[in-house]
Amino acid sequence: MSQTLINEVRQLLEANGIVIDEAKIDLFEKDVLDLLDDVKYQTNNDFEGFTDYPFAIAKFIAGAIEHNQRADVKGNLKSRSMGTVSYTFNEYESTYPKHLMSLLDRFTVRKKAKFHVFK
């Protein structure tokens, strides 16, 4: 099941122009599995009963890997200016941008509220 997910993430990254070097494939697989653990934690869902992970999970992991490789993320860049133009990068409440986190919304298991009748 995990190997299918790893292959899907790799295909998505290659479609976006990020090629995984064969010498670093072990690290890539560990990164995917680590991000999968993060998905399980964020969604409070262990995905029991799934034969394969949903494609949205592969999209999230590929997007997270792509996001983590950006130079402004690596250097914790908050803003930059060039001449009269300046850019300010938003800080997000979570580690990843909202458009990536929204991929996980439908898989999030929320705790149900318990209501008690007053006596």
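A residue is counted as buried when its relative accessible area is under 20%. By this criterion, 31% of the 119 residues of the protein are buried in the predicted model. The accessible surface of the protein amounts to about 9000 Å², and carbon and sulfur atoms account for 50% of that area.

The protein contains five helices and two strands, arranged along the sequence in the pattern α-α-α-α-β-β-α. When contacts between residues at least 6 apart in sequence are considered, 66% of them join residues at least 24 apart.

The packing of two of the helices was examined in detail. Helix H2 spans residues 25-43 and helix H3 spans residues 55-69. The axes of H2 and H3 come within 10 Å and cross at roughly 115 degrees, and the crossing is right-handed. On the side of H2, the contact involves Phe28, Asp31, Val32, Leu35, Leu36 and Val39; on the side of H3, these residues meet Ile57, Phe60, Ile61, Ala64 and Ile65. In terms of residue class, the contact of H2 with H3 comprises ten nonpolar residues, no polar residue and one charged residue. The charged residue is Asp31, because Asp is counted as charged.

Aromatic contacts were considered next. A pair of aromatic rings is described by the distance of the centres and the angle of the planes. The structure holds three aromatic pairs. In one of them, Phe47 and Phe50 lie 5.3 Å apart from centre to centre, with 70 degrees between the planes; this pair is edge-to-face, because the angle is over 60 degrees. The two residues were also assessed for accessibility. Phe47 has a relative accessibility of 2% and therefore counts as buried, whereas Phe50, at 33%, counts as partly exposed.

Phe47 also pairs with Phe107. The ring centres of Phe47 and Phe107 are 6.0 Å apart and the planes stand at 55 degrees, so this pair is classed as tilted. The pair of Phe47 and Phe107 links distant parts of the chain: Phe47 belongs to the loop between H2 and H3, while Phe107 lies in the segment after helix H5 (98-101), and 60 residues separate the two positions. Both Phe47 and Phe107 are buried. Together with Phe50 and Tyr53, Phe47 and Phe107 form one aromatic cluster.

Conventions. Residues are numbered from 1 along each chain as its sequence is written. This is a predicted model: local features need pLDDT of at least 70, side-chain atom pairs count only at pLDDT 80 or more; totals for chains, interfaces and linings use all residues. Side-chain values use heavy atoms; hydrogens and water are left out. Helices (H or I, at least four residues) and strands (E, at least two) are DSSP runs, numbered from the N terminus. Buried means under 20% relative accessible area, exposed over 50%, partly exposed in between (1.4 Å probe, protein chains only). Contact means heavy atoms within 4.5 Å. Accessible areas come from the Shrake-Rupley method with a 1.4 Å probe; for residues, only the protein chains shown count as cover. Axes are lines fitted to C-alpha atoms, for helices over the stretch in contact, and angles run from 0 to 180 degrees between N-to-C directions. A crossing is left-handed if the near helix is turned anticlockwise from the far one by less than a right angle, and right-handed if clockwise. Rings of Phe, Tyr and Trp (its six-membered ring) pair if their centres lie within 6.5 Å; planes under 30 degrees apart count as stacked, over 60 as edge-to-face and the rest as tilted.
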